[in-house]
Amino acid sequence: MNVLLTGGLGYIGSHTAAALVAAGHTPILLDNLANADLGVHDRLAVVGGVELPFVCADVRDTDTVARTLIEHRVEAVVHFAGLKAVAESVHMPLAYFDANVGGTLSLLRAMDSAGVRQLVFSSSAAVYGTPRYLPVDEAHPTEAITPYSRTKLHIEEILADLAAAGEWRMVVLRYFNPVGAHPSGLLGERPQGTPNNLMPFVAQVAAGEHPCVEIFGDDYDTPDGTGIRDYIHVMDLAEGHLAALQRLFAAAPALETFNLGTGRGYSVREMIAAFAAASGQDIPSRVAPRRGRDVASCYADPSRAAAVLGWRAKRGLAEMCESAWRFQTRKP
Ligand SMILES: NC(=O)c1ccc[n+]([C@@H]2O[C@H](COP(=O)([O-])OP(=O)(O)OC[C@H]3O[C@@H](n4cnc5c(N)ncnc54)[C@H](O)[C@@H]3O)[C@@H](O)[C@H]2O)c1
């Protein structure tokens, strides 16, 4: 299958590209390098043994995207490209609506004109807002508590309208908390500046780049008082995209939505302890005030993806930490 990956040089896109190559497919990568560098393209060639087609473009450049779809005989698109820093979205809502909602509209127009109407979309567990029950299943009410999650919800609504109009086949994947790295240590998450997410920050503390991990709140209603999240290995997530792509070509409804998580939550303290064990490093921490929009606990009910896609996460917390540490120390 020829599959266009928008944002294909990013964290999840690059791992999905590696998984697609390993399964015998041809990913075509499109990225504007807003949060990626060309070195990822070189390292993907080492990992997969093949140089992948790469188009340096913005998804909002409708003509270039349409041309790419036709030139590469693309059969389906996985749409990762967008902005993802939740806190930043509060200060820059217009940039988020432009890149995420505007970018998706441009992509959909390009796909429509090229006659490619199979799409897998990167959504987020952020669309559930504050969980009203746990584990969170796909029927859980949605709620936008930040501009970032509102962009994801708006896009999901646009896709639902498109599905109702006919011709399109789409799968929405709501990711929980992707962490870890490719087993080679050549691909991983490399945030620009100070990481917003816990695991890359913990990895940098383990490497001595920051003095300690700040735990934002230890008075939540959880067993050790720190926030609980459903961390999912990025290679498991990547394989979830393969299952979703296969689903697009089965006799399935026009639009389906799946949680991609493990179903198991770990607290901040458990994550730090697991990373210390995997890296063999001391990881000092200190408690800081809660951050405004954090929820106490959030983890997935992934049973729908297991039943319908035949996909479930296989890798545990130790493997997530070990692979992230390998990437951190290898510094490709
Ligand atoms: N990483 C997470 O924790 C997480 C969780 C839930 C959902 N998601 C979603 O998954 C997707 C991928 O996330 P990621 O972690 O790989 O992020 P990332 O920033 O590593 O990757 C996104 C890629 O898209 C590119 N990009 C951004 N805007 C673009 C544009 N307008 N045109 C072309 N390319 C553009 C960036 O350069 C980057 O390479 C995003 O849509 C994100 O919202 C991520």
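Biologist: How many disulfides does the rule give here?
Modeller: The count comes to zero, since a disulfide is taken to be a pair of cysteine sulfur atoms within 2.5 Å. Cys298 is in no disulfide, and the nearest cysteine sulfur, that of Cys321, is 19 Å away. This is a predicted model, in which local features need pLDDT of at least 70 and side-chain atom pairs count only at pLDDT 80 or more, while totals for chains, interfaces and linings use all residues. Residues are numbered from 1 along each chain as its sequence is written, and side-chain values use heavy atoms, with hydrogens and water left out.

Biologist: Why does the sulfur of Cys321 form no bond with that of Cys212?
Modeller: The sulfur of Cys212 is the closest cysteine sulfur to that of Cys321, but it lies 18 Å away, which is too far for a bond.

Biologist: What makes Cys321 buried rather than exposed?
Modeller: Buried means under 20% relative accessible area, exposed means over 50%, and partly exposed is in between, with a 1.4 Å probe and protein chains only. Cys321 has 0% relative accessibility and therefore counts as buried, and Cys298, at 9%, counts as buried too.

Biologist: Why is Glu319 put in the class that it has, given its relative accessible area?
Modeller: Its value is 39%, so Glu319 is partly exposed. Glu319 belongs to helix α11 (residues 317–330), where helices are DSSP runs of H or I with at least four residues and strands are runs of E with at least two, numbered from the N terminus.

Biologist: What makes β3 and β11 the edge strands of the sheet?
Modeller: The open sheet has seven strands in the order β3-β2-β1-β4-β5-β6-β11, with parallel pairing. Two strands pair if DSSP finds at least two bridges between them, and β3 (54–56) and β11 (255–260) each pair on one side only. From one strand to the next the twist averages 20°.

Biologist: Why are β4 and β5 called a pair, and how many bridges join them?
Modeller: Strand β4 (residues 76–79) and strand β5 (residues 118–124) run parallel and are joined by three bridges, so the requirement of at least two is met. His79 stands opposite Phe121 in β5.

Biologist: What is unusual about the phi of Arg73?
Modeller: Most residues other than glycine have a negative phi, and most peptide bonds are trans. Arg73 is not a glycine, yet its phi is positive, about 45°. Arg73 lies in the loop between α3 (62–71) and β4 and, with a relative accessible area of 66%, is exposed. Glu167, in the loop between α6 and β6, likewise has a positive phi, near 75°, and at 64% relative accessibility Glu167 counts as exposed.

Biologist: What kind of peptide bond joins Leu134 and Pro135?
Modeller: The bond is cis, with omega about -10°, and Pro135 is found in the loop between β5 and α6.

Biologist: Which residues are closest to the ligand?
Modeller: The closest are Ile12, Asp31, Asn35, Lys84 and Tyr148, among 28 residues that surround the ligand; a residue is counted as near if one of its heavy atoms lies within 4 Å.

Biologist: What makes the approach of Asp31 to an oxygen atom of the ligand a polar contact?
Modeller: A polar contact is a pair of N or O atoms within 3.5 Å. A polar side-chain atom of Asp31 lies 2.6 Å from a ligand oxygen, one of Asn35 lies 2.7 Å from a ligand oxygen, and for an N or O atom in the side chain of Lys84 the distance to a ligand oxygen is 2.8 Å.

Notes: Axes are lines fitted to C-alpha atoms, for helices over the stretch in contact, and angles run from 0 to 180 degrees between N-to-C directions. A polar contact is a pair of N or O atoms within 3.5 Å; within protein, one must be able to donate a hydrogen and the other to accept it, and residues adjacent in sequence count only if both atoms are side-chain atoms.
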